[in-house]
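The following note is offered to a colleague who has the sequence and the coordinates at hand. Its points are numbered so that each may be checked separately.

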Amino acid sequence: MRVDVEYSPVGEGLGMSEFWLYVWMRRIAVIAAHVIAVGLTVLISLLSRPGTSLFSWHPVCMSIAYLLCLTEGILLFSPEGTPFCFKARKGKVRLHWFIQALVILAAATGVGFMVASKNVSERPHLATWHSLLGVGTLAATVLQAACGICLLFPKLLKLSPPRLKLYHATCGLVVYLLATVTVVSAMFSDWFQATVKGVVWYAFLLLPLFPALVIMNQITNAYLPRKKITT
């Protein structure tokens with residue numbers, strides 16, 4: 001008799017104790033990603049001293065957009081747990097839409113403050129790698145939102161919902177990695193290096209990489225090609 005069983009290769013070959021250890025390690029990693037996202041957003045907001053200048057609002061808005069909202073919007077679907085109480089996927093999807101809308105709103109506001117600050121100080125626009133990466137990240141975010149809208153009309157695009165979800169998740173991972181690179185590049189700016197120095201600077205440089213690894217693991221595990229065993 002032949003029985004086809006689909007399974008994900010994640011956790012393959014582990015015993016029961018090793019499996020539960022693996023599960024708890026993933027849960028701890030997700031919790032740590034939540035803590036880092038919130039902690040970095042708060043710390044950067046405090047370091048920026050919002051209200052002291054037009055520029056001071058730029059790191060606040062961008063950290064809220066990409067360190068906090070984008071991270072939480074993706075971790076919302078983590079099977080290892082989320083601080084939100086929604087159990088039904090429909091509720092999570094609605095909250096995901098709301099959070100992603102906040103990402104675009106906060107990012108656009110942050111860009112607006114940066115443009116206004118540059119105009120007041122008469123400094124050139126798009127003169128650094130960070131600014132170029134930032135524009136690319138914002139453009140990718142808007143395209144990703146458009147990709148998400150396409151999920152509402154799968155028949156119009158003549159694509160199956162699972163394939164659209166795969167495209168959406170893959171594009172989301174690209175956007176998050178691009179946002180992480182942009183955030184890390186901000187650590188090399190004159191403002192940040194003048195504000196944070198020494199060992200603390202290296203901590204700020206490395207911390208954004210951890211949530212990126214957690215999210216990469218979440219998305220790749222969710223969309224790994226499934227194998228079949230025939231017995």
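1. Cys61 and the cysteines. Cys61 is a buried residue, its relative accessibility being 11%. The model under review is a predicted one, and a search of the whole structure returns zero disulfides. What is the closest cysteine sulfur to that of Cys150? It belongs to Cys147, and the separation of 5.8 Å is too far for a bond, given that a disulfide requires the two sulfur atoms to be within 2.5 Å. Cys150 itself is partly exposed, at a relative accessible area of 28%.

2. Overall composition. The chain has 231 residues, of which 35% are buried. Its secondary structure consists of nine helices and two strands. In sequence order the pattern is β-α-α-α-α-α-α-α-α-α-β, with a strand at the start and another at the end of the series.

3. Annotated spans. The unreviewed UniProt entry places the feature "transmembrane region" at residues 28–48, 54–77, 97–117, 129–154, 166–188 and 200–219. Two of these spans may be set against the model. For residues 97–117, the end C-alpha atoms lie 30 Å apart, and the span is 100% helix and 0% strand. For residues 200–219, the end C-alpha atoms also lie 30 Å apart, while the helix content of that span is 90% and its strand content 0%.

4. Aromatic pairs. The structure holds six aromatic pairs. In one of them, Phe188 and Trp201 have ring centres 5.2 Å apart and planes at 80°, so this pair is edge-to-face. The contact links distant parts of the chain, 13 residues apart: Phe188 is in the loop between helix H6 (161–186) and helix H7 (190–195), and Trp201 is in helix H8 (residues 199–206). Are the two partners buried or partly exposed? Phe188 is partly exposed, with a relative accessible area of 45%, whereas Trp201 is buried, with a value of 10%.

5. A second pair and its cluster. The rings of Phe192 and Phe204 are also edge-to-face, because their centres are 5.4 Å apart and their planes stand at 75°, an angle over the 60 degrees required for that class. Phe192 belongs to helix H7 and Phe204 to helix H8, twelve residues apart, and the pair again links distant parts of the chain. Both Phe192 and Phe204 are buried. Together with Phe55 and Trp191, they form one aromatic cluster.

6. A charge over a ring. Arg27 is placed over the face of Trp24, at 4.9 Å from the ring centre.

7. The largest pocket. This pocket contains about 1,000 Å³ of space. Its lining comprises 38 residues, and those nearest its centre are Phe55, His58, Met114, His130 and Ser131. Phe55 therefore appears both here and in the aromatic cluster described above. Which helix gives the most to the lining of the largest pocket? Helix H4 does, with seven residues. At least two lining residues come from each of helix H2 (57–75), helix H3 (89–121), helix H4 (129–150), H6 and H7.

8. The enclosed space. The structure has one cavity of 30 Å³ or more, and the volume of the largest cavity is about 100 Å³. The residues that line this cavity are Ile36, Ala37, Leu40, Tyr66, Leu67, Thr71, Tyr176, Ala179, Thr180, Val183, Pro208 and Pro211. H6 gives the most to this lining, with four residues. Helix H1 (16–48), H2 and H6 each contribute at least two.

9. Leu209. This residue lies in helix H9 (residues 209–222). It is partly exposed, at 38% relative accessibility. Its C-alpha atom is 8.5 Å from that of Val184, although the two residues are 25 positions apart along the chain.

Technical notes. Residues are numbered from 1 along each chain as its sequence is written. This is a predicted model: local features need pLDDT of at least 70, side-chain atom pairs count only at pLDDT 80 or more; totals for chains, interfaces and linings use all residues. Side-chain values use heavy atoms; hydrogens and water are left out. Rings of Phe, Tyr and Trp (its six-membered ring) pair if their centres lie within 6.5 Å; planes under 30 degrees apart count as stacked, over 60 as edge-to-face and the rest as tilted. Buried means under 20% relative accessible area, exposed over 50%, partly exposed in between (1.4 Å probe, protein chains only). A charge sits over a ring if NZ of Lys or CZ of Arg is within 6 Å of the ring centre and within 35 degrees of the ring normal. UniProt positions are given in the numbering used here, feature names are shortened, and annotations may be inferred rather than shown by experiment. On a 1 Å grid over the protein atoms alone, a cavity is a set of points where a 1.4 Å probe fits but cannot get out, and a pocket is an open set with protein on both sides within 12 Å along at least five of seven lines; lining residues have an atom within 4 Å of a point. Grid points are joined across faces, edges and corners, and a volume is the space filled by probe spheres set on the points.
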